Amino acid sequence: MCGTECWSTAKEAETNSVVMETKMQRLRYVSGDECSRASGSSTNPCHETYHGPSAFSEPETLAVRDYLEANKPEAFITLHSYSQMWLIPYGHRKRSYPQDYHTALRPLAEKATKALYDLYGTKYQVGTGADLMYEASGGSHDWAKGSLKVNYAYLIELRPQNTAVGHGFLLPEREIPATGLETFEAIKVVAEEMVAQFVEPEIRRRVNSSQILVDFSPLLDK
């Protein structure tokens with residue numbers, strides 16, 4: 001929810017030229033003692049993966065939490081860069097998966113990344129961040145799935161795939177339009193699945209439960 005990696009930290013204090021920042025991506029899913037024990041975050045305020053004094057300690061993450069708790073979605077997607085990966089919970093530990101990882105989360109992710117690939121041939125890996133890269137606790141998609149119980153929660157690492165061409169977080173301007181278009185194709189797949197699973201059944205339920213009465217007596221009188 002915090003955008004690209006370049007803007008994923010919140011500056012808390014600056015003393016004697018030492019900047020203390022809280023890693024926004026380490027704040028959500030674990031808290032208290034759990035946060036201290038979890039892999040992929042640090043208790044050191046000067047470390048780049050410092051998880052803050054407690055879960056949701058920063059106003060930005062607190063605002064996101066409050067909004068989502070008041071407006072719980074069926075799907076949650078957070079966009080990051082980079083690596084060209086479609087990440088599924090959970091990222092805090094290797095080989096840790098939600099119960100519906102193989103039956104729902106991964107199949108939809110593979111369908112979405114196929115739609116993305118079909119546009120420009122951009123390949124995305126699918127899996128958990130811990131399995132594909134490294135353990136990272138506190139991710140918003142982990143919190144959305146594990147705590148908020150959102151049905152589908154994903155973290156998308158956008159272009160580029162690696163730093164072989166020297167870009168990394170600084171994607172060349174010429175690649176930005178294509179990145180947006182192909183990502184939108186993937187997100188449309190997720191949106192269409194949400195409509196099919198949750199919107200259309202509700203519409204049918206309401207139609208079936210309603211009573212439509214038609215009075216034909218005026219026609220019979222004629």
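Here are some exercises with worked solutions on a predicted model of one protein chain.

## Exercise 1: The overall layout

Work out how many helices and strands the chain has, and in what order the elements run.

**Solution.** Start with the tally: the chain holds 7 helices and 6 strands. Next, read the elements from the N terminus, which gives β-β-α-α-β-β-α-β-α-α-β-α-α. Then turn to burial: of the 222 residues in the chain, 41% are buried. Finally, look at the contacts between residues at least 6 apart in sequence: 74% of them join residues at least 24 apart.

## Exercise 2: The largest nonpolar core

Find which residues touch the most other members of the largest nonpolar core, and which elements give two or more residues to this core.

**Solution.** The core has 20 residues, and those touching the most other members are Trp 86, Ile 88, Leu 108, Tyr 152 and Tyr 154. Two or more residues come from each of helix 3 (101-120), strand 6 (152-158) and helix 6 (176-209). Helix 3 supplies the largest share, with 8 residues. There is also a second, separate core of 10 residues, and Phe 56, Phe 76, Ala 144 and Leu 148 are among them.

Now follow one residue, Tyr 154. Setting aside neighbours within four places in sequence, its contacts include Phe 76, Trp 86, Ile 88, Leu 108 and His 141.

## Exercise 3: Aromatic pairs

Classify the ring pair of Trp 86 and Tyr 154, then the pair of Tyr 97 and Tyr 101.

**Solution.** The model has 4 aromatic pairs. For Trp 86 and Tyr 154, the ring centres lie 5.4 Å apart and the planes meet at 65°, so this pair is edge-to-face. Trp 86 belongs to strand 4 and Tyr 154 to strand 6, so the pair ties together parts that are 68 residues apart in sequence. How accessible are the two partners? Trp 86 is buried, with a relative accessible area of 0%, and Tyr 154 also counts as buried, at 0%.

Tyr 97 and Tyr 101 give a tilted pair, with 4.6 Å from centre to centre and 35° between the planes. Here Tyr 97 is partly exposed at 34% relative accessibility, whereas Tyr 101 is buried at 3%.

## Exercise 4: Helix 6

Compare the span of helix 6 with its expected value, locate its bend, and say what its buried residues pack against.

**Solution.** Helix 6 has 34 residues. From first C-alpha to last it reaches 48 Å, close to the 50 Å expected at 1.5 Å a residue. The helix bends by about 35° at Val 195. Its buried residues include Ala 178, Glu 182, Val 189 and Met 194. For the packing, the partners of the buried residues are strand 3 (75-81), strand 4 (85-87), helix 3 and strand 6.

## Exercise 5: The loop between strand 3 and strand 4

Describe the backbone at Tyr 82 and Ser 83, then the surroundings of Gln 84.

**Solution.** Begin with Tyr 82, which lies in the loop between strand 3 and strand 4. A cis peptide bond joins Ser 81 to Tyr 82, with omega about 10°. Ser 83 sits in this loop too; its phi is near 145°, a positive value in a residue other than glycine. At 14% relative accessibility, Ser 83 is buried.

Gln 84 is also in the loop between strand 3 and strand 4 and is buried, at 9% relative accessible area. Beyond its neighbours within four places in sequence, Gln 84 contacts several residues, including Tyr 124, Glu 157, Arg 159 and Pro 160. That list leads to another cis peptide bond, which joins Arg 159 and Pro 160 with omega about -5°. Pro 160 lies in the loop between strand 6 and helix 6.

## Exercise 6: Phe 56 and its charged partner

Place Phe 56 in the chain and find which charged end sits over its ring.

**Solution.** Phe 56 is located in the loop between helix 1 (32-37) and helix 2 (59-70). Its phi is near 60°, positive in a residue other than glycine. At 12% relative accessibility, Phe 56 counts as buried. The charged end of Arg 65 sits over the Phe 56 ring, 5.0 Å from the ring centre.

Notes:
Residues numbered from 1 in each chain as written. Predicted model: local features only at pLDDT ≥ 70, side-chain atom pairs only at ≥ 80, totals over all residues. Heavy atoms only, no water. Core = buried A, V, L, I, M, F, W, Y, C linked by side-chain atoms within 4.5 Å. Buried < 20%, exposed > 50% of the residue type's maximum accessible area, 1.4 Å probe, protein only. Helix = DSSP H or I, 4+ residues; strand = E, 2+ residues; numbered from the N terminus. Contact = heavy atoms within 4.5 Å. Expected span 1.5 Å × (residues − 1). Bend = angle between axes of the 7 residues up to and from the residue. Phe/Tyr/Trp six-rings, centres within 6.5 Å; stacked < 30°, edge-to-face > 60°. Lys NZ or Arg CZ within 6 Å of the ring centre and 35° of its normal.
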